[in-house]
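Me: I would like to go through the packing in this structure, one question at a time. Please reason briefly and end each answer on what was asked.

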Amino acid sequence: MTASLRRPDLRATADLRPDPKPRTLSGAHILWEVLLAEGVEVVFGYPGGAIMPAYDAMASYPIHHVLVRHEQGASHMADGYARASGEVGVAIATSGPGATNLVTGLATAMLDSIPMVCITGQVPSHLLGTDAFQETDITGVTLPITKHNFLVTSADEIAETLRAAFYIARSGRPGPVVVDITKDAQQAECLYTPSEAPVCLPGYRPEPPPLERELEAALALIEQAERPVVLAGHGIVKASASAMLLEFVAKTDIPVACTLLGLGGFPASHPSALGMMGMHGEAWVNHAIQEADLLIALGMRFDDRVTGNPKTFATHAKKIHVELDPAEIGKNVPVDVALVGDVREVLNTLVPRLTARKRTAWSARVEAIRTDSLGGDIVHGQTEDQNHGLHPATVIHDLYRLTGGDAIIVTDVGQHQMWEAQYYPHDKPRTLLTSGGLGTMGFALPAAIGARFAHPDKEIWVIAGDGGFQMTAPELSTCLQEGIKLHIAIINNGFLGMVRQWQEMFYDKRYVATPMIAPDFVKLAEAHGLQGARVTDRAGVEPAVRAAQAFSGTTVIDFRVTEEACVYPMVASGRALDDMIRRPRPAAETTKTSEGDKK
Amino acid sequence: MTQPQTVEVESKRTFVVHVEDKPGVLNRVASLFRRREYNIDSLNVGRTHEVGVSRMTIVCCATPSTARRIEANLYKLVNVLRVDDITEQAQVSKNLALLKVGAGADTRPQVLQILEAVGARAVDIGPASLVAEITGTHEEIDRLREVLVPFGILEMVQTGLVAMTRAAEKPQLHTALRTATAFDAA
């Protein structure tokens, strides 16, 4: 077992100042020169024929390469690195299948606006379009799932193109960029002149326009509102706007609901924090939104998982939409005032111009609906003593307790992801990494490996289901090869749980293709040279977690949980946000509030 | 400021889009319309007097708020330099159509007479057919087509609309994003 994290100590030893002199280099060397100049410390990749010149040149540069087991892993690692650090993540792959294996990771990053640069090798330029061995038109394939992409066919275009790729990936609303470089462009030599000049992209203007008139309208709506709610999205995290949001709330006394990707952007322990909204948001959050007379949406995009049926969404509320991307304005929900801009800057402008006030009646109302729904809460309520085995939500809340709420949690997709959002409160941004928009199963393990390279010393937990974990489980070998320490909690219920839940609720419990046999995860961990443990009851949770924390390497814990637990509350597709299937109370009645029944 | 709940009506919108003259740009624009489910009536693209700049005229059916999002989404494409929704502006807009009509010596005078009457002309005359050229609105072209049907239309092709505003100023290709102002005017 490799004990210590073997990584960017390279940076400490080598002289990293890029050589500023113009000189003749191969395209492959230029590639690494630019990456170095962009501040890249680590890349995630997999070699192959068309990218071999770049790999060969890599050895001369102090950039750490993580060899993945599948290129999808490389794309999620770059994504996880970017989510955890705020920097651009870099993945590298060969042409054809290497490049197409990146596609899921690109789509994941695109929907969650993650800054990422993926470099792919391409067949030599004279073979382009001939269906050559391992040729795929990857710029064509990735066109709709990248912020932008480039095909580079000569060495002298590599530097400017890569610089543009990094600029596009990290500026404005971030996103993934693919740079496809033909093999002959990597091999050819040309004069390389290092440059720190701004990239020239005449059609690309990420900076938003000024806002004076809309600001006045927004201020007036906020001042007049009696029942306002802030909807805090991923934009808060990306714009590092948490501190400004706290100031905004301190002044306005407005409760804050978070989207899944907004969790951590506003401290969950703050008295004004409501929690997550949407399909699996807590009932009081959704009710507060439906009762609101003003919604202040900050860096979120009114996703269908957040709004329920948009026609019945917060019909009494005026809406202020603060969003960097003008194309999001009015896309899903019509709004009254749009503030197109960086969330932090907009808040920065708004806060000094607002009058401080308390909203006592509204706070009391929100508190009342919160108290009303807490009875169904899993952790405070019914589940642990019901002899129903280990409840998955309880495991996740125990992880919260045992990590002091201070770990970076990387989830996969499904029921455990929603329980994490409900039962692992996050106080800090970038501590929950999850595939929100695309809902990519298999995301967690590779994304956590990426996050590890952004935070060598933080406690990192993977929380995954038994289904999703199996999709990218070979990356366990990557953990061993890199000598990194992760804690992996598999919430194993023997089902594809979320699909099973839908089958239970909407398909008369016909469990088609959802019961799933998994390998023995303890042996699987051991077979990968890692530590494994199994937990089957509540008493076993803490010792297993403590043992994992104490261990020097990666531990996989197989939590055998209740098979047929459901995530509550739930807003069924197409229903109003306050029309929720509620968590069964001890008396086992399904309750809806009176407001819910009226709709 | 928009009134959220009012029902918006779809109508034909004309966009003038200046783009960088680079490979794949047409594909990016077409892909955007396809994946966002915006319906293109016609799209015309060609080079302009400025080196490296191509110009598209795109006609599509959209509500005013969809039109604003089309504009905003076009601006998100890195190769798009400028977008103008010129629907409401005074403009010159033209379609060009070529129609190959069956016309031997017996019917040729009749066809030529029709073409002359509507301001079209024959640009090629063969023993058994002629090629007519007409420039005009979609409706004008359609009317000519109907009149020529009895003679037998062998082939027909149209350019799609090309449009230009009548205003005297030169479109600035490198000015700041104007999407937000387009929003608050809506």
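Me: What is the strand order of the six-stranded open sheet in chain A, and is the pairing parallel or antiparallel?
Reply: The model is a predicted one. In chain A, the pairing within the six-stranded open sheet is parallel. Its edge strands are β16 (432–433) and β19 (531–535), each of which pairs on one side only. The order is therefore read from one edge to the other, and the answer is parallel pairing in the order β16-β15-β17-β18-β20-β19.

Me: Which residue of β16(A) stands opposite Val410(A)?
Reply: Strand β15 of chain A covers residues 408–411 and runs parallel to β16(A), with two bridges joining them. The residue of β16(A) opposite Val410(A) is Leu433(A).

Me: What angle does the direction of helix α19 of chain A make with that of β17(A)?
Reply: Helix α19 (residues 444–454) of chain A packs on the sheet and touches β15, β16, β17 (460–465) and β18 (487–492). With the direction of β17(A), that of α19 makes an angle of about 170°.

Me: Are α12(A) and α15(A) roughly parallel or roughly antiparallel to each other?
Reply: The axes of α12 (residues 242–252) and α15 (residues 343–350) in chain A come within 9 Å and cross at roughly 30°. The contact involves Met244(A), Leu245(A) and Phe248(A) on α12(A), and Arg344(A), Leu347(A), Asn348(A) and Leu350(A) on α15(A). The crossing is left-handed. Angles under 35 degrees count as roughly parallel, so α12(A) and α15(A) are roughly parallel.

Me: Is the crossing of α17(A) and α18(A) left-handed or right-handed?
Reply: Helices α17 (residues 392–402) and α18 (residues 415–423) of chain A pack at about 50°, with axes 9 Å apart. That angle makes α17(A) oblique to α18(A). Residues in the contact include Ile396(A) and Tyr400(A) of α17(A), and Trp419(A) and Tyr423(A) of α18(A). The crossing of α17(A) and α18(A) is right-handed.

Me: Is Pro267(A) buried, partly exposed or exposed?
Reply: Pro267(A) lies in the loop between β10 (256–258) and β11 (273–276) of chain A. Leaving aside neighbours within four places in sequence, Pro267(A) is in contact with Ala273(A) and Asp427(A). A buried residue has 20 or more other C-beta atoms within 10 Å and an exposed one 12 or fewer. Pro267(A) has 18, so this residue is partly exposed.

Me: Which residues of the largest nonpolar core touch the most other members?
Reply: That core has 213 residues. One of the six in question, Ala257(A), touches residues that include Val229(A), Leu274(A), Met277(A) and Ile289(A), with residues up to four places away in sequence not counted. The residues asked for are Ala91(A), Val117(A), Leu231(A), Ala257(A), Leu298(A) and Val462(A).

Me: Which strands stand at the edges of the four-stranded open sheet in chain B?
Reply: The order in this antiparallel sheet of chain B is β2-β3-β1-β4. From one strand to the next, the twist averages 15°. Each edge strand has a single partner, so one side of each is left without a neighbour in the sheet. The edge strands are β2 (40–47) and β4 (80–85) of chain B.

Me: Which strands of chain B does helix α2 touch?
Reply: Helix α1 (residues 25–35) of chain B lies across β1 (11–20), β2 and β3, running at about 150° to β1(B). Helix α2 (residues 64–76) of chain B also packs on the sheet, its direction making about 170° with that of β4(B). The strands α2 touches are β1, β3 and β4 of chain B.

How values were computed:
Residues numbered from 1 in each chain as written. Chains lettered and ligands numbered in written order. Predicted model: local features only at pLDDT ≥ 70, side-chain atom pairs only at ≥ 80, totals over all residues. Core = buried A, V, L, I, M, F, W, Y, C linked by C-beta atoms within 7 Å. Contact = placed C-beta atoms within 7 Å. Axes fitted to C-alpha atoms, helices over the stretch in contact; angles between N-to-C directions. Parallel < 35°, antiparallel > 145°, perpendicular 65-115°, else oblique. Left-handed = near helix turned anticlockwise from the far one by under 90°.
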